[in-house]
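Work through the exercises below with the structure open. Try each task before reading its solution.

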Amino acid sequence: MPASIEDQQKVLQLQAIDNAIVGLTNKLNTLPEAIIYRELEIQFNTARDLRIAAETELKDITPELKRAENDVEQVAAREAKDEARLSAGQGTPKELEQMQHELGSLKKRRAELEEIEIEVMTRIEEINLRISQHKAAETELAEKVSEALELKNTALAQLNSELETSKENRETLSVQIDKTILDIYAKLVSHGRTGAAKLEHGECRGCNLAINPVDLKKINQLPPTEIARCQECGCILVRI
């Protein structure tokens, strides 16, 4: 099948452009800046979620502290009242004895309630510490996320610009190539194969395999305007 030497060279250039497009597309899909941005975004979201969870926990435990404080205050008030009556000697000896016994029970009860209050306060202090730590992490990560986003967008813009230029160059070059050889090339590429490659030092640069001597002799005997094909990968062999 005939094709001008110029068209053969152009289809080789087309393959180079397509290789560049594939490379740029792969870079877009595996952009390091985008990966770093996603990782930082995940870390930021985690810190935010932990902070919100801690704040919810604090909100839930606050009424518990209020109850503990009220319980201590009530027992303390009753204890103070009994101590005042006892000091004043109000009541019969039996009543004073009972009051003394009750006062001991109240002191014991107040100590127990104060332990509960301290425990709740300790938990609140620990929660507040966690909230502060998560807020600090959020602030630090928010700055890193912003910087990573800027780097990602810059890298994406550069790659997209290069990709757009390559696609424009491909379109410009494609219309200059004869349909006969272009159709062969397009069919090969559509099946995920190399469309065109150099025949160099007896090797196909599409599959990087040596052409067997018999086939190589046949190819070398072809007119320069005849399309040669690799028997291994099927690509168009451009002789140089």
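**Exercise 1. A loop residue**

Is Ile-177 buried or exposed? Then place this residue and list what it touches.

Solution. Keep in mind that this is a predicted model.
- Step 1: Find the relative accessibility of Ile-177, which is 6%. Buried means under 20%. Ile-177 therefore counts as buried.
- Step 2: Locate the residue. Ile-177 sits in the loop between H3 and H4.
- Step 3: List the contacts, leaving aside neighbours within four places in sequence. Ile-177 is in contact with Asp-7, Lys-10, Val-11, Leu-14 and Leu-182.
- Step 4: Check those partners against H1. Asp-7, Lys-10, Val-11 and Leu-14 are among the buried residues of H1.
- Step 5: Add a distance. Ile-177 and Glu-6 are 171 residues apart along the chain, yet their C-alpha atoms are separated by 8.5 Å.

**Exercise 2. A helix pair**

Describe H1, then work out how its axis runs relative to H4.

Solution.
- Step 1: Take the span of H1. The helix covers residues 5-29, 25 residues in total. From first C-alpha to last it reaches 36 Å, close to the 36 Å expected at 1.5 Å a residue.
- Step 2: Recall how a pair is described. Two packed helices are characterised by the angle between their axes and the distance between the axes.
- Step 3: Apply this. The axes of H1 and H4 (residues 179-190) come within 10 Å and cross at roughly 25°.
- Step 4: Classify the angle. Angles under 35 degrees count as roughly parallel. H1 and H4 are therefore roughly parallel to each other.
- Step 5: Give the hand. The crossing of H1 past H4 is right-handed.
- Step 6: Name the residues in contact. H1 supplies Asp-7, Gln-8, Val-11, Leu-14, Gln-15 and Asp-18. H4 supplies Ile-181, Leu-182, Tyr-185 and Val-189.

**Exercise 3. Cysteine pairs**

How many disulfides does the model contain? Explain using Cys-207 and Cys-235.

Solution.
- Step 1: Set the cut-off. A disulfide needs two cysteine sulfur atoms within 2.5 Å.
- Step 2: Test Cys-207. The closest cysteine sulfur, in Cys-204, is 3.8 Å from its own, too far for a bond. Cys-207 is partly exposed, at 24% relative accessible area.
- Step 3: Test Cys-235. The closest cysteine sulfur here belongs to Cys-233, at 3.5 Å, again too far for a bond. Cys-235 is buried, with a relative accessible area of 0%.
- Step 4: Give the count. It comes to zero disulfides.

**Exercise 4. Unusual phi angles**

Where do His-201 and Asn-208 lie, and what is notable about their backbone?

Solution.
- Step 1: Start from the rule. Most residues other than glycine have a negative phi.
- Step 2: Take His-201. Its phi is positive, about 55°, although it is not a glycine. His-201 belongs to the loop between E1 (196-200) and E2 (203-204). It is exposed, with a relative accessible area of 74%.
- Step 3: Take Asn-208. Its phi is also positive, about 60°, and it is not a glycine. Asn-208 falls in the loop between E2 and E3 (209-210).

**Exercise 5. Two positions in H3**

Assign Glu-117 and Asn-153 to accessibility classes.

Solution.
- Step 1: Place both. Glu-117 lies in H3 (residues 93-174), and Asn-153 is in H3 too.
- Step 2: Classify. Glu-117, at 16% relative accessibility, counts as buried. Asn-153, at 41%, is partly exposed.
- Step 3: List contacts for Glu-117, leaving aside neighbours within four places in sequence. They are Leu-65, Ala-68, Glu-69 and Val-72.

Methods
Residues are numbered from 1 along each chain as its sequence is written. This is a predicted model: local features need pLDDT of at least 70, side-chain atom pairs count only at pLDDT 80 or more; totals for chains, interfaces and linings use all residues. Side-chain values use heavy atoms; hydrogens and water are left out. Helices (H or I, at least four residues) and strands (E, at least two) are DSSP runs, numbered from the N terminus. Buried means under 20% relative accessible area, exposed over 50%, partly exposed in between (1.4 Å probe, protein chains only). Contact means heavy atoms within 4.5 Å. The expected span of a helix is 1.5 Å times one less than its number of residues. Axes are lines fitted to C-alpha atoms, for helices over the stretch in contact, and angles run from 0 to 180 degrees between N-to-C directions. Angles under 35 degrees count as roughly parallel, over 145 as roughly antiparallel, 65 to 115 as roughly perpendicular and the rest as oblique. A crossing is left-handed if the near helix is turned anticlockwise from the far one by less than a right angle, and right-handed if clockwise.
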